[in-house]
Amino acid sequence: MLRATLLAASRSPQSRKLIEALPPTRAIVKRFVAGDSLDEAVTVTDELVGAGRRITLDHLGEDTSDAAQAAATAEAYEHLLAALKETGLADRAEVSVKLSAVGQFLPRDGERIALENARRICAAAADAGTTVTLDMEDHTTTDSTLGIARELRRDYPWLGVVLQAYLHRTEADCAEFAAAGSRVRLCKGAYKEPESVAFQKKSEVDKAYIRCLKVLMAGEGYPMVASHDPRIIRIAGQLAQWNGRKSDSFEYQMLYGIRPEEQQRLVDEGATMRIYLPYGNEWYGYFMRRLAERPANLAFFLRALATR
Ligand code: FDA
């Protein structure tokens with residue numbers, strides 16, 4: 001119930017105004033976001049790379065309803081990728097892109113515009129010597145996003161996709177995307193989805209995650225295990241071992257600011273550990289999804305409000 005309310009608020013302009021105006025919000029957002037600017041993003045990337053992490057950078061923004069804004073987002077990614085190349089960070093840091101931020105929802109030609117903008121970003125990544133992963137948004141976009149990914153992979157076979165274990169369809173998608181050279185980030189899924197398309201209970205989502213992970217680990221692709229869940233992380237390690245995978249043939253991924261000690265433990269074990277690092281001032285939707293995921297995050301936020 002609480003999760004559903006917070007996820008509904010994540011798409012409400014009224015709630016956005018209210019939450020953004022609350023005095024302690026900024027300080028708490030800092031826990032999950034590198035900063036507003038490109039420079040701040042590069043500085044935090046450098047620190048994390050120095051601590052043995054790989055990075056995937058997200059220029060925050062989603063649900064763009066303006067073609068100029070979509071093009072500006074693609075340009076922001078080009079600047080980011082040029083900065084990663086210049087600073088020598090591109091061999092450790094890639095980018096994550098939401099297609100809705102580069103035009104997917106535009107009423108006229110949205111898919112084509114998103115494909116063209118994503119292609120610009122892939123070209124800049126190729127020039128920098130790094131990769132791109134397409135984030136996955138709510139289920140109404142899954143077919144479109146996977147279609148655009150298939151198209152881009154003809155020229156950029158290293159393009160990563162995200163599959164969400166909570167969707168009924170995902171086990172079959174894992175089978176398709178477990179092919180050689182394919183980079184797949186498996187996550188549980190962060191949006192409010194109807195029963196007709198998604199498992200609702202945590203126990204069902206967790207079981208689905210393991211089924212999907214078995215397919216990816218047994219396949220020939222490169223699985224990216226995106227979860228903070230200790231049980232999932234333990235099982236992923238076992239599955240990797242059973243399938244004879246070395247630490248460079250799969251990776252763990254976690255969000256910036258979440259379970260840093262566990263991130264360090266995995267790095268110390270010799271695992272490949274990538275951090276999803278968002279930056280920019282369009283943090284509202286991302287922040288609300290983090291509050292929805294974990295009551296402790298919400299409690300932290302409410303405590304900060306109460307102590308002011
Ligand atoms: P879940 O939230 O079920 O938590 C399980 C357990 O993990 C908890 O009981 C606790 O033990 C531990 N845990 C979780 N959070 C913790 C915290 N803050 N502190 C301590 N322990 C904690 N989603 C999406 O729909 N599209 C996408 O493209 C992406 N991309 C993405 C990238 C990366 C790198 C990650 C890690 C996640 C995503 N997600 C995503 C989000 C994902 O779908 C999901 O909502 C969150 O990761 C939360 O699910 P978990 O698997 O982490 O466990």
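1. A word on terms to begin: helices (H or I, at least four residues) and strands (E, at least two) are DSSP runs, numbered from the N terminus. Over residues 47-300 the chain is 46% helix and 16% strand, and the C-alpha atoms at the two ends of this stretch are 25 Å apart. An unreviewed UniProt entry annotates residues 47-300 as "domain: Proline dehydrogenase"; UniProt positions are given in the numbering used here, feature names are shortened, and annotations may be inferred rather than shown by experiment.

2. Please keep in mind that this is a predicted model, where local features need pLDDT of at least 70, side-chain atom pairs count only at pLDDT 80 or more, and totals for chains, interfaces and linings use all residues. Residues are numbered from 1 along each chain as its sequence is written.

3. Now to the ligand. It is surrounded by 23 residues (each with its C-beta atom, placed from the backbone, within 6 Å of it), and the closest are Asp 135, Cys 187, Ala 190, Ser 227 and Gln 253. Strand 4 (160-164), helix 10 (230-242) and strand 7 (251-255) are the elements giving two or more residues to this shell. Strand 7 supplies the largest share, 3 residues.

4. By class, the shell around the ligand holds 12 nonpolar, 5 polar and 6 charged residues. Here Ala, Val, Leu, Ile, Met, Phe, Trp, Tyr, Cys and Pro count as nonpolar, Asp, Glu, Lys and Arg as charged, and the others, Gly among them, as polar.

5. Have a look at Phe 287, which sits in helix 12. Phe 287 is buried, with 23 other C-beta atoms within 10 Å (20 or more make a residue buried, 12 or fewer exposed, and anything in between partly exposed, with C-beta atoms placed from the backbone). Leaving aside neighbours within four places in sequence, Phe 287 is in contact with Val 29 and Phe 32; contact means that the two C-beta atoms, placed from the backbone, lie within 7 Å.

6. Asp 36 makes a good companion to visit. Its place is the loop between helix 3 (25-29) and helix 4 (38-50). With 16 other C-beta atoms within 10 Å, Asp 36 is partly exposed. Not counting residues up to four places away in sequence, Asp 36 touches Gly 280 and Asn 281. Asp 36 and Ala 118, 82 residues apart in sequence, have C-alpha atoms 22 Å apart in space.
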